[in-house]
Amino acid sequence: LASQRPRPWYQFRLPNSSPPALSAPHHLTNGTCVGLAAAAAAPSHQQGDGATSNGMHAACGTLHPPPSHAHPASTSGMSYEGGAAQGNGAVTLANGGASASQQQAVHDGLTGASVQGSGSLHVSGQLANDAQQYMFHSGHPPLLQWTRTIVDACHAPPCPTQCVATAGAVHALNCAVSCLCDPGDFIICEEFAYTHAPECVFTPRGLHMLPVAMDEQGMVPDALRRVLQTAGVSKVTGRPPRVIYIIPTGQNPTGAMMGVERKKEIYEICRAHNLVILEDDAYYWLQFPHGAQPDSRQPGLCLPPSLLSLDVDGRVMRIDTFAKVLGPGYRLGWITAPPPLAAKMACAVQASCCGPASISQVVISELLNMWGLDGFEAFVRKQQTMYARRAAVASAAAHQHLKGLASFEEPTAGMFMWFKLTGLPDCGPEVVEELVAAKVVVVPGRPFWTAPAAADAGAPCPYFRATFGSVKEEQLQEGFARLASALKAAKSKKAASCS
């Protein structure tokens, strides 16, 4: 059966399944040669490679629970207070999120780490030294092991995979594109996408975006088929589309949630057209399908299958990050990919930044191992509860204030709501002017639009994105009331100008 599966196109260029040693010069698929230092270590050839955490923001000091008004994405139980350096380069942090049952011994083999009273964690000796040095390999080994465990538990990839530490999701995307695409290549993406992808990755690298229409579940399969049927080949590289970029969970900006059957259909289309899938799942942990329920009713780690979990060919590169579940300031994540691509990713990461912050990997690794898998799941449930509650408050306020002004889908994941204006063809300067006057912040849809010709030509875009992630619940009512006032003023001025 394995011999009958379609081979992803990169396998024809990479006939050997074993990744090369990273100590030797290694050629990326776009022709760039990356030479690594002789001290660089080769990634493990076992399926035990995992990747980085989102790092701590100081080499020495004490970390305490954040204040109650902190950004919800930063309520990981840690914030830097600026303590004095401990002896022998030690790092001390206080764990404000773990219960007594989660304060277990740190993983066997992590010499130099110890759990102290009141849920604090002390890192010293060789481990503290490692935290302040370069890591010329796929990532901090204990954290790689934790990441391998979480990938297997949540996704159970059917094909062999390895994980590589990255400096966040955007960095992972940039490195993946550098490995897979040449200037002039096509890249398929959703009609509306996270702005950093087109603005900071695709366009600067000279890629031509092929946008695919969306609905409440994200990318529409029939629209994807039409795009593939009409795309032809690139005038620059002479190649058809080979890479597709998808945000399947709590999509940014639309909040769309791709169902399992939709994922299966998208995956089969990608198999038929031999596409490599970049699955960017930053909001994976923030799913709350049951709404504002107690922690015990939230899914925790029992989440729907991902595209990686459906991958029987080895054509999915999955991007994960701690940014949205622990905090964006850590700037660390990981990518899970077939071994040949993981080896190239490791080279691309080293070439771009000499590896993610070692202090981040070490300290977060110690925290996660102290929590254990059960402790991490308990923390995820609390995050899901918080986001579900705020989503419910935001949805109720939107129904109350925006009736007849804008339509939207109920959020079930992530931190965004996507609105379509009613009676106004464009969320343009006239609307923005009223929003500024009302002192309310939303993001017009145009910056997310991946149809450059339409956007550059000034075609109307009646969408805007709002977030409930960084706003206190008591402020959401006021925010949507101000938003309604601004939209009413914009509609009144438009009506007056047309009369």
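**Note on a predicted model: helix contacts, ring pairs and backbone exceptions**

1. Cys-175 lies in helix 4, and this residue is a convenient place to enter the structure, which is a predicted model. With a relative accessibility of 2%, Cys-175 counts as buried, because buried means under 20% relative accessible area. Apart from neighbours within four places in sequence, Cys-175 is in contact with Met-345, Ala-348, Val-349 and Ser-352. The C-alpha atom of Cys-175 is separated by 9.3 Å from that of Val-201, a residue 26 places away along the chain.

2. As for the overall composition, the protein chain has 12 helices and 20 strands, and 56% of its 499 residues count as buried. Of the contacts between residues at least 6 apart in sequence, 75% join residues that are at least 24 apart.

3. The four contact partners of Cys-175 lead to helix 8. Two packed helices are described by the angle between their axes and the distance between the axes. Helix 4 (residues 169-180) and helix 8 (residues 339-353) have their axes 9 Å apart and pack at an angle of about 115 degrees, and helix 4 passes helix 8 in a right-handed crossing. On the side of helix 4 the contact is made by His-171, Ala-172, Cys-175, Ala-176, Ser-178, Cys-179 and Leu-180, while helix 8 contributes Leu-341, Lys-344, Met-345, Ala-348, Val-349, Ser-352 and Cys-353. The residues of this contact between helix 4 and helix 8 divide into 10 nonpolar, 3 polar and 1 charged.

4. A second helix pair can be set beside it. The axes of helix 3 (residues 141-155) and helix 9 come within 9 Å and cross at roughly 35 degrees, and the crossing of helix 3 and helix 9 is left-handed. Helix 3 takes part through Pro-142, Leu-143, Trp-146, Thr-149 and Ile-150, and helix 9 through Gln-361, Ser-365, Leu-368, Asn-369, Leu-373 and Phe-376. Here the contact residues of helix 3 and helix 9 divide into 7 nonpolar, 4 polar and no charged.

5. Trp-146 and Phe-376, which both belong to the contact of helix 3 with helix 9, also appear among the aromatic residues. The structure holds 16 aromatic pairs, and ring pairs link Trp-146, Tyr-284, Trp-285, Phe-322, Trp-334 and Phe-376 into a cluster. Within this cluster, Tyr-284 has Arg-318 over the face of its ring, at 4.7 Å from the ring centre.

6. What kind of pair do the rings of Phe-419 and Phe-480 form? Their centres are 6.1 Å apart and their planes stand at 55 degrees, so the pair is tilted; the reasoning rests on the cut-offs, by which planes under 30 degrees apart count as stacked, those over 60 as edge-to-face and the rest as tilted. The pair links distant parts of the chain, since Phe-419 is in strand 18 (residues 416-421) and Phe-480 is in helix 12 (residues 473-498), with their positions 61 residues apart in sequence. Phe-419 and Phe-480 are both buried.

7. Some points of the backbone deserve a separate look. Most residues other than glycine have a negative phi, and most peptide bonds are trans. The peptide bond from Asn-252 to Pro-253, however, is cis, with omega near 25 degrees, and Pro-253 lies in the loop between strand 13 (243-246) and helix 7 (260-272).

8. Asn-274 has a positive phi of about 55 degrees although it is not a glycine, and Asn-274 is placed in the loop between helix 7 and strand 14 (276-280). With a relative accessible area of 22%, Asn-274 is partly exposed. Cys-354, likewise a residue other than glycine, has a positive phi near 60 degrees and lies in the loop between helix 8 and helix 9 (358-401). Cys-354 also counts as partly exposed, at 34% relative accessibility.

9. Is Arg-239, a residue of a loop, buried or exposed? Arg-239 lies in the loop between helix 6 (221-231) and strand 13, and its relative accessible area of 18% makes it buried, because the limit for this class is under 20%. The C-alpha atoms of Arg-239 and Gly-184, two residues that are 55 places apart along the chain, are separated by 9.2 Å.

Technical notes: Residues numbered from 1 in each chain as written. Predicted model: local features only at pLDDT ≥ 70, side-chain atom pairs only at ≥ 80, totals over all residues. Heavy atoms only, no water. Phe/Tyr/Trp six-rings, centres within 6.5 Å; stacked < 30°, edge-to-face > 60°. Helix = DSSP H or I, 4+ residues; strand = E, 2+ residues; numbered from the N terminus. Buried < 20%, exposed > 50% of the residue type's maximum accessible area, 1.4 Å probe, protein only. Lys NZ or Arg CZ within 6 Å of the ring centre and 35° of its normal. Axes fitted to C-alpha atoms, helices over the stretch in contact; angles between N-to-C directions. Left-handed = near helix turned anticlockwise from the far one by under 90°. Contact = heavy atoms within 4.5 Å. Nonpolar A, V, L, I, M, F, W, Y, C, P; charged D, E, K, R; others polar.
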